[in-house]
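Here is a short tour of a protein with some metal ions and a bound ligand. Take a look at the model first, and then we'll walk through it together.

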Amino acid sequence: MTDTNHPLNVDLHCHSNVSDGVLGPDALARRAHDNGVQVWSLTDHDELSGLTDAGEAARALGMVFIPGVEISATWAGQTVHVVGLNINPEHSALRSGLAAIRADRLSRAGEMAQRLDVLGIQGAYDGALRYAGNPELISRTHFARFMVDRGVCTSMQDAFDRYLGGGKPAYVRVRWASLADAVSWILQAGGRAVLAHPGRYVYTATQFDALFDDFQQLGGQGIEVVTGSHRPAQYRQYADVARHYGFLASRGSDFHAPKESHVDLGGLPPLPAGLTPVWHDWI
Ligand code: AMP
Ligand code: MN
Ligand code: MN
Ligand code: MN
């Protein structure tokens, strides 16, 4: 199936309130459908508990549902995200790996709150938790929402720029899963591993080559080409990477919240021509 003649509206990356989105899985399914999405995946950060509701809602609306996840990993000292698509959410290695990441998130949140306290922002742990739809999954996004609503920050971007982003005063470095573990859990769960939004990582050209090589050798098959965090020039850049390495290409909005996300579900352009979509043999 090509993506050029009658492009299907496929959106394989977004977040519900079981991670750092704001809509519940079924409201998200409805929004995807209203926006014309035909093939949809929910890919919450390090969490699978939204998939049952999302799948039921999606199928009732006539969409093809692809169970997904976005795993936090560390490669060369930086965080990279690996999307797992068409996974079996019941697989035990995947489930226990993600549970360990969520536990690390909780201890990181405690350290972040301590740092914010020293910086004069009190009550950030409980504050962030109030924005978390799932007490097991606490994200910097929840801290940012708390800080904006408290009036300490003017926007989410401001919260990351001044406090939460890499190297900022409330940033706490985490050793997430290794890339090898993240890919392996996805493969063991029967899924396909896709490197999320490569355009967001701050690596040298040499490191990028090594990352793509490593990912491929570990069994990673796809990269996101068209995503909410890429600019059009990056669609072309990562289309070239996909062709060069023989990666399957993915498309996903990375939608989190109506007022925060600049790309809505299903709102991205189709994949550039000449790529094999990651969903080519699923539909
Ligand atoms: P965490 O996984 O807890 O470290 O949080 C990372 C999440 O923060 C990402 O998945 C994004 O949703 C969000 N994020 C990262 N950078 C920004 C930013 N500059 N503005 C708004 N949200 C951001
Ligand atoms: Mn997020
Ligand atoms: Mn991500
Ligand atoms: Mn995401």
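How far does a polar side-chain atom of Asp 20 lie from an oxygen atom of ligand 1? The distance is 3.0 Å, which fits the cut-off for a polar contact: a pair of N or O atoms within 3.5 Å, where within protein one must be able to donate a hydrogen and the other to accept it, and residues adjacent in sequence count only if both atoms are side-chain atoms.

Before going on, a few ground rules. This is a predicted model, where local features need pLDDT of at least 70, side-chain atom pairs count only at pLDDT 80 or more, and totals for chains, interfaces and linings use all residues. Residues are numbered from 1 along each chain as its sequence is written, chains are lettered from A and ligands numbered from 1 in the order in which they are written, and side-chain values use heavy atoms, with hydrogens and water left out.

**Around ligand 1**

Asp 20 has company: polar side-chain atoms of Ser 139 and Thr 141 also lie by oxygen atoms of ligand 1. Here are the three contacts side by side.

| Residue | Distance to an oxygen atom of ligand 1 |
|---|---|
| Asp 20 | 3.0 Å |
| Ser 139 | 3.2 Å |
| Thr 141 | 3.2 Å |

On its own, ligand 1 has 500 Å² of accessible area, and the protein covers 80% of that (Shrake-Rupley method, 1.4 Å probe). The residues surrounding ligand 1 include His 45, Arg 105, Arg 108, Arg 140 and His 256, counting a residue as near if one of its heavy atoms lies within 4 Å. Helix 3 (92-118), helix 5 (140-149) and helix 6 (156-164) each give two or more residues to this shell, and helix 6 provides the largest share, three residues. Helices here are DSSP runs of H or I with at least four residues, and strands are runs of E with at least two, numbered from the N terminus.

**The manganese ions**

Now for the metals. Donors are N, O and S atoms within 2.8 Å of the metal (3.2 Å for Na, K and Ca), and water is not among the atoms, so sites may look incomplete. The manganese ion called ligand 4 is held by His 13 (NE2), His 15 (NE2), Glu 70 (OE) and Asp 254 (OD), at 2.1 to 2.2 Å. Along the chain, these donors follow the spacing H-x1-H-x54-E-x183-D. Both His 13 and His 15 are buried, meaning under 20% relative accessible area (over 50% is exposed, partly exposed is in between; 1.4 Å probe, protein chains only). The manganese ion (ligand 2) is 4.6 Å from the manganese ion (ligand 4).

Glu 70 turns up again at the manganese ion (ligand 3), where the protein donors are Glu 70 (OE), His 81 (ND1) and His 197 (NE2), at 2.1 to 2.2 Å. Glu 70 lies in strand 3 and His 197 in the loop between strand 6 and helix 8, so this pair ties together parts that are 127 residues apart in sequence. From the manganese ion (ligand 3) to the manganese ion (ligand 2), the separation is 5.6 Å.

**Two unusual backbone angles**

Is His 197 buried or exposed? His 197 is buried, with a relative accessible area of 1%. His 197 also has a positive phi of about 25 degrees, although it is not a glycine. Ala 76 has a positive phi too, near 50 degrees, and sits in the loop between strand 3 (64-75) and strand 4 (78-85).
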